[in-house]
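Reader: Hello! I would love a close look at one small part of this model, followed outward into its surroundings. Could you walk me through it in one go?

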Amino acid sequence: MHFSYLRHPIAALRPRLLGRSPRARTSQTRLASNAVVKIPSEPSTGYLKPTYDLSSPPTTRTASTLALGEQYLLPIYARPPIVLSHGRGCWVWDTEGRKYLDFSAGIAVNALGHADPGVAEVLHTQASTLLHSSNVYHNEWTPKLAEVRVFFANSGTEANEGALKIARKVGKDRWAASTGNKPDDPACSKTKIVCFENAFHGRSMGALSVTPTEKYQAPFRPLIPGVDVGKVNDFERLQDLITDETCAVIIEPVQGEGGVTAADEQWLMALRERCNETGAVLIYDEIQNWDNPLANGYPIGAVLLRDTIASTMTAGTHGTTFGGSPMACAMGHYVLSRLSAPSFIAHISDVSKYLNTRLELLPKWFPDILQTDVRGRGLIRALGFKNEKHPGRVVELARERGVFLLTAGNDAVRLVPPLTVNEEEIELAMDVLEGSLGALQN
């Protein structure tokens, strides 16, 4: 199916969406690339009122799609009554012709945005040559993408399940080496797993067992036993939390779903040292940073391992049907090649600095609503709210003004734009966010 973006009905709204709201004063800042961007001295008032009335009756096309979904899909998602039809770059359109700036990126997935021509070309080329072959056979793309010791999966959850399974086996092997017993001896005590508060590692039973949030775990207990829960950046408890009975420690350097809380680098170093002391395998869950965007929306996951860890795994100890397919790895190879280009890295540095500079103004302008600090790193950012009812409302207000945002944890709004985002799109998103906060405050 072909879409003509320039002729789309929403094109008539583009001037309104991209128009600059009036400001009394602005200052300037210089980015690493020497580009100069304007920094406002007061919040935008251009988006205090909604751009779209999302409560208006939908067209037949939209209504029939929503009705089919309600009739046949498992009702596990709370979604707004809009149906997306297509996208381009950082923008998406719905079946009503409304246009949105996507600062959710498919929950930190679409690193190169929507309908990227290069991604589309790789999909077309690989689908017309070899789509799937299973892991019974080699294919050209899997080792090209790897170039380190790796296990390819289909999702971040599956990658975490694989990492936990491998760590459990390493723990048994290390216990056996230290005691002289066999690894499968029921007396083995090195089987415990450590995770941390507000973590989100997935929804399958193993990953869910190390996602210590009541609303996720309660309906599915009993879960996997032997899981100890710590607190991120708590230096004092590391000694008692991680012991000789710990086989695995799983941590998100930046907790995405848990509120975009970044772990302190010194604490991560102390965590690494404690794992070394006890022989525990340290698992960095980088799903939102790497697994999710690795193939720009095509399902893939990966577990990267040191050789000392990988050596425990032999033929038959683990496997997957679809993981490491020619299509997934061709896509991953293309996306990773784009993202690792020096010019692209410089672009990310520039736009992330601008985004953070704009975000840091908001707690000063809306002190009654927002917590003091901007959370996260790079282009995974969040604002903490003093009232836990406000994040969901701000996401709704922004959507009515043509921008997609996400909630995170109980008290935050998350911004995860495609990595191709430019300064003009960040300016618009910030103007809309400022207008949404202003509308909430009023």
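Author: Happy to. Let's take A167, which is buried in this predicted model: its relative accessible area is 0%, and since buried means under 20%, A167 qualifies. This alanine sits in helix α6, which runs over residues 156-179. What does A167 touch, once residues up to four places away in sequence are set aside? The list is C247, A248, V281 and I283. For a sense of spacing, the C-alpha atoms of A167 and I250 are 10.0 Å apart, although their positions lie 83 residues apart along the chain.

One of those partners, I283, leads us on to the nonpolar cores. I283 belongs to a core of 20 residues that also includes F151, A153 and A310. That core is separate from the largest one, which has 58 residues. In the largest core, the residues with the most contacts inside it are F103, L359, L362, L405, L433 and L437. Taking L437 as an example, and leaving out neighbours within four places in sequence, its contacts are L362, F366, I369, L370, F385 and V394. In soluble globular proteins, nonpolar side chains tend to be buried together.

Helix α6 also leads to a pocket, the second largest, with a volume of about 910 Å³. Its lining counts 34 residues, and Y284, V303, L304, L305 and R306 lie nearest the centre. Helix α6 gives the largest share of that lining, six residues. At least two residues each also come from α5, β6 (150-153), α10 (265-278), β12 (281-284), α11 (287-291), β13 (301-304) and α12 (307-310).

From α5 we can step across to helix α4, residues 117-127, whose buried residues pack against α5 (141-146) and α13 (326-339). Which residues of α4 are buried? They are G118, V119, V122 and Q126. These four lie on the same side of α4 because they cover an arc of only 100° around the axis. On the other side of α4, P117 and H124 are exposed. One last detail for a chemist's eye: at the start of α4, a side-chain oxygen of D116 comes to within 3.0 Å of the backbone nitrogen of G118, and G118 is itself one of the buried residues of this helix.

Technical notes
Residues numbered from 1 in each chain as written. Predicted model: local features only at pLDDT ≥ 70, side-chain atom pairs only at ≥ 80, totals over all residues. Heavy atoms only, no water. Core = buried A, V, L, I, M, F, W, Y, C linked by side-chain atoms within 4.5 Å. Buried < 20%, exposed > 50% of the residue type's maximum accessible area, 1.4 Å probe, protein only. Contact = heavy atoms within 4.5 Å. Arc of directions from axis to C-beta. Polar contact = N/O pair within 3.5 Å; in protein donor to acceptor, adjacent residues only side chain to side chain. 1 Å grid on protein atoms, 1.4 Å probe; cavity = no way out; pocket = protein on both sides within 12 Å on 5 of 7 lines; lining within 4 Å. Points joined across faces, edges and corners; volume = space filled by probe spheres on them.
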